[in-house]
Amino acid sequence: MKRVLGILDCHNSCTLGELTSDRPLASVSFLGRYAFMDFPLSNFCNSGIDNVGILVKDHQRSILKHMGNMMSWVNNTKSGRINIFYNEKGQMNPLYNTDINNIKENDWVILKSDAEYIVFQSADMITNMDISVFLEEHIERGEEVTGIYKDVDDADVAFIGCNTYNIDSDSYVIDVYQNKGESKKAKVALGTWIVNRDTLNRILEEAEKVDASWGMKELLAYCVEKGIFNIHAVPYKGYARRIDSIEHYIEYSFELLKPEVAAQLFPLDRPIYTQTYDTPPAIYGETGGARNSFVSNGAIIEGQVENSIICRGVKVGKGSFIKNSIIFSDTKIGERVVLDNVLIDKYSKVNDHHEIKGDKEQPIYFKQGARI
């Protein structure tokens, strides 16, 4: 779609303690082989959007490392491209390191683009969304802004901090408010919205008149309140999760071990793309085995793995038992080790004969490069 520019917004994601101390949420490992940014990038790719910009808030190195040559998410490698937007001024003043200021700092991309429509997606939302359906409706109706939302019944414990919509009988947003967990049911904005190019320019102009520390979430709510434009709200029926805590990171990882749940996120006709590595298939030794687990390429399993996620290049030694755990890439687990409800970040090593047990509510986390 030459007339469409996709924007992956990494500015509004939550931090997950030490897990995101050296990387943004967008590049955190998920299910052993993906990063969270793979989902919106694949949504763009599967919807025919080959021109994409990534609004990077911080930890640019980690984003670039995961992106590689950037061609894994582009269908047309001749005309399609992915640009990295980075606001160096924002690093010196974090209060003003917002997605709006990032766009303004890199406005050459929009000014030089021939895109008539811009589609935003957030890095902290896991969806497999056919954006083209919403885009076609946006164009046919002649809307200025279209916001995608999901009706949820767990807003008291999930999607905390997200914008939620109050809509009228014609499906236009009449109020935007932040979810504070006060009600179970809500129409949660999924961080996906479509805007006409001229309207985006108006939004950026409006940003000059209000608080310079506001991001796009705050400014959209302000524009609705002031009647500057209408947001047409369209529901999304598919799988949607927001990663807003380490507890949800673990919960949503393990729920996808269920085939009926995984089928919602990974339909055969809409693959999720990621950076590829020339690694061999997982190898299982004579005493090795795995049950109800994701085991990535390049892993060597000589012990037993159950209800766990094993990333690339992990080695599990003989006699070891890994259960209800997530082991990040290139971690070495010694022999006769027992791990239960444990997260071990990449490049770590667990020596022989260790037993470490957390619990479901309070799993134990070991930071990157740990020696245990």
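**Exercises on a predicted model**

In β23, Lys-332 is the bridge partner of Lys-315. The model is predicted, so that local features need pLDDT of at least 70 and side-chain atom pairs count only at pLDDT 80 or more, while totals for chains, interfaces and linings use all residues. Residues are numbered from 1 along each chain as its sequence is written, and side-chain values use heavy atoms, with hydrogens and water left out.

**Exercise 1.** Determine the sense in which β20 and β23 run, and place both strands in their sheet.

*Solution.* Step 1: strands are DSSP runs of E with at least two residues, helices are runs of H or I with at least four, and both are numbered from the N terminus. Two strands pair if DSSP finds at least two bridges between them. Step 2: β20 (residues 315–316) and β23 (residues 332–333) run parallel and are joined by two bridges. Step 3: the open sheet has five strands in the order β14-β17-β20-β23-β26, with parallel pairing. Step 4: β14 and β26 (349–350) each have a single partner strand, so one side of each is left without a neighbour in the sheet.

**Exercise 2.** Describe the hairpin of β9 and β10.

*Solution.* Step 1: β9 (residues 163–167) pairs with β10 (residues 173–178) in the antiparallel sense, over five bridges. Step 2: Val-176 in β10 stands opposite Tyr-165. Step 3: five residues lie between the strands, and Ser-171 takes a positive phi near 65°.

**Exercise 3.** Establish how the buried residues of α6 are arranged around the axis.

*Solution.* Step 1: buried means under 20% relative accessible area, exposed over 50%, and partly exposed in between (1.4 Å probe, protein chains only). Step 2: in α6 (residues 131–141), the buried residues are Ile-131, Ser-132, Phe-134, Leu-135 and His-138. Step 3: they cover an arc of only 160°, taken from the directions from the helix axis to the C-beta atoms, which puts them on the same side of α6. Step 4: Gly-142 follows α6 and has a positive phi, near 70°.

**Exercise 4.** Characterise the surroundings of Arg-270.

*Solution.* Step 1: Arg-270 lies in the loop between α10 (259–265) and β14 (283–284). Step 2: its relative accessible area is 11%, so Arg-270 is buried. Step 3: with contact meaning heavy atoms within 4.5 Å, Arg-270 touches Asn-43, Asn-46, Ser-47, Asn-128, Met-129 and Asp-130, not counting residues up to four places away in sequence. Step 4: a polar atom of the Arg-270 side chain lies 2.5 Å from the backbone oxygen of Met-129.

Definitions and conventions. Polar contact = N/O pair within 3.5 Å; in protein donor to acceptor, adjacent residues only side chain to side chain.
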